[in-house]
Amino acid sequence: MSDTQVPIMQIGDTLLTSLQGDLDDTTVMSIEERLTGEVARRNPTGVLIDVSGLTMIDSFIARVLARMVGMVRLLGSSVAVVGIQPAVAITLVELGVPMGHLDTALNAEQGLALLKRLQADGR
Amino acid sequence: MADTAQDPVDQLRDLRAMLDAIVDYSVIRLDAQGRVMTWSPGAQALKGYTADEAIGQPVSIFYTEDDRAAGLADREMRTARESGRVELEGWRVAKDGRRFWASVTLAPIRDGAGEVTGYVKVSRDLTERREQELRLQRQRDEIMELSTPVIRVWDGVLALPIIGTLDSARASRLTEGLLEGIAETQAEVVILDVSGVPTIDTQVAQHLLKTVQAAALMGAASILCGVRPETAQAMVHLGIDLGQLRSRNTLRDALALAMRLVRERVRTNSAADLLTGQ
């Protein structure tokens, strides 16, 4: 998978990226590299990670997601995960992956509002 | 004993008579290649073929076209050979084309050297039982559907009145229904009304907790309501940690809280619009 297939869009001062199926180690590395690079370069106040394209999830992708969130936070931006599908939510809970620290919203629009609330809280 | 002195031919005849007396089951013998070697009144009653029509035919003539194409009969005989016996259920076809749901036991017959020389196949018509089971399952599904309704009580607010005992099948159904409801309506708050649940034990509490966590992952906040005094005591005694879960005594209070949460979110939304200059 080349970089062009990992979309990162800027909306105002927010970056939007999305995770899609068929992730392997190489793809994940390239997504992480690209995302951290873009966050450092553009210094957005918030980042939305859209996972509505993921219909299934395993512990590998769950860890990837948690890692991306951690990286963005370290770079000083608020981050919210949006569009978690029902099956994915159930799997995450059943897998027992600790996801309590994730800030989530139903869709990108509500995600933007969530980012504003997080920023107001200084997170 | 008298039996030991009996002529082997008589013994065989007795055995034959015994098999022929079984009419509710089809008992037949196949050769090593799966061709029909013996026939019985039970087999005729079930499959509609006479002995003359059936004997010498491959057993696959009783199978559906798809199963025949897939070589199911050979696979079953191989399994029987390898594991000594196979029991299964499936569709079979009678002479007149009528399909019936058969319960089949297939066992290999071995000679003194352990070589498989044929098979015994005992089948029975379970069509009626299967239909009953399916009907029962359908009714159970319907009851399940009716017993876990997801109600859209306000814009962005879903309510889930839970009535009756929650077993794990029902609880997972409930979780699925609720999460799908959230995805469909993009609800931001869900109210779980447990006033109709007689007892909440550790397992049920875990289910509720998982539901709340999954809903939170999707971005919806949950409010528990209608917890009974004895349930509250039991849950704390059991050491069930409901974490940050909001709880209200009555549905009315829960609704008021839900609407406040939605309003707060709307307010930050419009504040966000002002900030981004939209």
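This is a short tour of chain B's sheet, two of its helices, and a spot in chain A that meets one of them. Keep in mind that the model is predicted.

**Stop 1: chain B as a whole**

Colour chain B by secondary structure: you should find 11 helices and 9 strands. Of its 278 residues, 26% are buried. If you draw contacts within chain B between residues at least 6 apart in sequence, 57% of them join residues at least 24 apart.

**Stop 2: the sheet**

Now pick out the open sheet of chain B, where 5 strands run in the order S5-S6-S7-S8-S9 with mixed pairing. At its edges sit S5 (151-154) and S9 (246-248) of chain B, each paired on one side only. Step across the sheet and the twist averages 30° from one strand to the next.

Select S6 (157-163) and S7 (189-196) of chain B. S6(B) and S7(B) pair in the parallel sense, with 6 bridges. To see the register, show B:Val157, whose bridge partner in S7(B) is B:Val189. Then show B:Ala159, which stands opposite B:Ile191 of S7(B).

Stay on B:Ile191 and look to its other partner: B:Ile223 in S8(B) stands opposite. S7(B) and S8(B) are also parallel, here over 5 bridges. How much of S7(B) is buried? It is mostly covered, with 6 of its 8 residues buried.

**Stop 3: helix H8 of chain B**

Next, select residues 168-185 of chain B, which is H8. Together, S6(B), H8(B) and S7(B) form a right-handed β-α-β unit. The 18 residues of H8(B) should span 26 Å at 1.5 Å a residue, and the end C-alpha atoms lie 25 Å apart, so the two agree.

Show the buried residues of H8(B): B:Leu174, B:Thr175, B:Leu178, B:Leu179, B:Gly181, B:Ile182 and B:Ala183. Their cover includes H3 of chain A, along with S6, S7 and H9 of chain B. Just past the helix, click on B:Gln186, which has a positive phi near 55°.

**Stop 4: helix H9 of chain B**

Move on to H9(B), residues 202-218. The path from S7(B) through H9(B) to S8(B) is a β-α-β crossover, and it is right-handed. What span should the 17 residues of H9(B) have at 1.5 Å a residue? The expected value is 24 Å, and the end C-alpha atoms are 24 Å apart, which agrees.

Among the buried residues of H9(B) are B:Val204, B:Leu208, B:Leu217 and B:Met218. For what covers the buried residues, bring up both chains: the list includes H3 (86-95) and S5 (104-105) of chain A, as well as H8, S7 and S8 (221-225) of chain B. Right after H9(B), B:Gly219 takes a positive phi of about 110°.

**Stop 5: across to A:Ile84**

Finish in chain A by selecting A:Ile84, found in the loop between S4 (78-82) and H3 of that chain. Is A:Ile84 buried or exposed? It counts as buried because it has 29 C-beta neighbours inside 10 Å, and the cut-off is 20 or more.

Leaving out residues up to four places away in sequence, A:Ile84 touches A:Val51, A:Ala89 and A:Thr104 in chain A, and B:Leu217 and B:Met218 in chain B. Those two chain B residues are among the buried residues of H9(B). As a last click, take the distance from A:Ile84 to A:Leu106: they are 22 residues apart along the chain, with their C-alpha atoms separated by 7.0 Å.

Conventions:
Residues are numbered from 1 along each chain as its sequence is written. Chains are lettered from A and ligands numbered from 1 in the order in which they are written. This is a predicted model: local features need pLDDT of at least 70, side-chain atom pairs count only at pLDDT 80 or more; totals for chains, interfaces and linings use all residues. Helices (H or I, at least four residues) and strands (E, at least two) are DSSP runs, numbered from the N terminus. The expected span of a helix is 1.5 Å times one less than its number of residues. A residue is buried if 20 or more other C-beta atoms lie within 10 Å of its own, exposed if 12 or fewer, and partly exposed in between; C-beta atoms are placed from the backbone. Two residues are in contact if their C-beta atoms, placed from the backbone, lie within 7 Å. Two strands pair if DSSP finds at least two bridges between them. Axes are lines fitted to C-alpha atoms, for helices over the stretch in contact, and angles run from 0 to 180 degrees between N-to-C directions. A crossover is right-handed if, with the strands pointing away from the viewer, the path from the first strand over the helix to the second runs clockwise.
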